[in-house]
Amino acid sequence: MGRKQMNEVEAGTLYLVPTPIGNLSDMTERAVGILRQVDLIAAEDTRHTRILLNHFQISGHVVSYHEHNKKESGNKLIEALKSGRSVAQCSDAGMPVISDPGSDLVRLAIEAEIPVVPLPGPNAALTALIASGLDARQFAFIGFLPKINAKKKKLLFDMSHIPVTLIFYEAPHRLKETLETLIRELGNRKAVLAKELTKRFETFKRSMLQELLDDLETETPRGEYVILVEGWNEISAEEKEQKTGWREEAVSFALKMPLKEAARQVSFKHHLSRREVYQYLLNQKEADANK
């Protein structure tokens with residue numbers, strides 16, 4: 001029996017096809033070939049994917065597969081695969097499955113014993129990591145933080161003592177809030193903000209988390225961001241303790257008096273902004289209510 005030709009599409013097979021994260025030149029020849037041959041292309045945003053396909057003169061049959069229809073659409077795709085049709089799944093940008101509903105489709109395919117073939121290609125997290133200057137030997141990809149405060153707090157607490165570089169994704173309108181959260185839960189660590197990766201205005205900002213946050217007072221975030229934060233070490237632990245040692249005291253005070261009075265006393269004692277302490281206590285109250 002001859003070797004399997006990896007550039008030729010097999011019937012009843014799911015292909016995971018990465019797409020460029022900004023520069024169309026990063027599309028691989030193999031990815032173009034697979035998209036040209038498959039029976040169905042499952043796209044997160046059909047209009048966005050159609051632009052990519054038109055650029056490479058690919059006239060495939062595109063179907064919608066995204067977070068809000070993944071159950072219904074996923075079942076239809078599995079049935080198509082079972083009937084012998086080939087399917088390529090791609091996200092709007094980068095690797096399928098990574099911060100993408102494709103993970104559910106892969107799970108369904110494996111359960112149905114359908115072959116799954118991954119193609120290598122662009123990925124924002126790794127692209128940012130190798131140019132960050134932070135430790136790239138060991139790292140943890142977090143992606144987008146949970147929206148629920150209690151879950152977000154628990155996740156960051158679990159990651160706060162792990163000595164590996166942490167990688168997050170964030171949208172521009174939530175960047176400031178996320179940096180504030182990272183400082184509060186991890187301490188003021190070395191960090192990198194990367195945006196517009198592989199595009200003309202690709203930017204890397206390397207500094208401490210607090211300085212990166214301060215910069216947002218004079219500039220408006222634009223584009224999708226990768227946030228890279230150094231892992232735990234003894235120095236960052238000491239700095240966090242110095243920076244956040246007032247928090248337990250503030251929570252203790254809030255049990256005995258109104259939040260505003262607790263914020264006033266703690267801010268005076270530790271030379272902090274009363275607004276910062278009060279906001280922290282409000283966030284704690286909200287997090288406790290969501291438990």
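**Close-up views of a predicted model**

Glu 79 is partly exposed, its relative accessible area being 49%. This value, like the others in these legends, comes from a predicted model.

**View 1. Glu 79 and Lys 82 form a salt bridge within helix α3.** The closest N and O atoms of Glu 79 and Lys 82 are 3.9 Å apart, and both residues belong to the helix that covers residues 70-82, where they are placed three residues apart, or about one turn of the helix. Whereas Glu 79 is partly exposed at 49%, Lys 82 has a relative accessibility of 53% and therefore counts as exposed, the cut-off for that class being over 50%.

**View 2. Asp 158 and Lys 154 are paired along helix α6.** In this salt bridge the closest N and O atoms lie 2.9 Å apart, and the two residues are separated by about one helical turn because they are four residues apart in helix α6. Asp 158 is partly exposed, with a relative accessible area of 39%, while Lys 154, at 53% relative accessibility, counts as exposed.

**View 3. Arg 137 forms a salt bridge with Asp 135.** A distance of 3.0 Å separates the closest N and O atoms of this pair. Arg 137 is exposed, with a relative accessible area of 74%, and its partner Asp 135 is partly exposed, with a relative accessible area of 31%.

**View 4. Salt bridges link five residues, Glu 67, Lys 70, Asp 104, Arg 107 and Glu 111, in a network.** Taken over the model, the count of salt bridges comes to 16, and the pair formed by Glu 79 and Lys 82 is one of the salt bridges shown in these views.

**View 5. Ser 160 lies in the loop between α6 and β7.** The loop holding Ser 160 follows helix α6 (149-159) and leads to strand β7 (165-170). Ser 160 has a relative accessibility of 3% and so counts as buried, since that class is set at under 20%. The side chains of Ser 160 and His 161 are joined by a polar contact of 3.0 Å. When residues up to four places away in sequence are left aside, Ser 160 touches Glu 185, Leu 186, Arg 189 and Trp 232.

**View 6. The protein chain is assigned three domains, given as domain 1, domain 2 and domain 3.** Domain 1 covers residues 14-118, domain 2 covers 124-232 and domain 3 covers 237-290. The centres of domain 1 and domain 3, taken over C-alpha atoms, are separated by 48 Å.

Terms used:
Residues numbered from 1 in each chain as written. Predicted model: local features only at pLDDT ≥ 70, side-chain atom pairs only at ≥ 80, totals over all residues. Heavy atoms only, no water. Buried < 20%, exposed > 50% of the residue type's maximum accessible area, 1.4 Å probe, protein only. Polar contact = N/O pair within 3.5 Å; in protein donor to acceptor, adjacent residues only side chain to side chain. Contact = heavy atoms within 4.5 Å. Domains from an automatic or database assignment. Salt bridge = Lys/Arg side-chain N within 4 Å of Asp/Glu carboxyl O.
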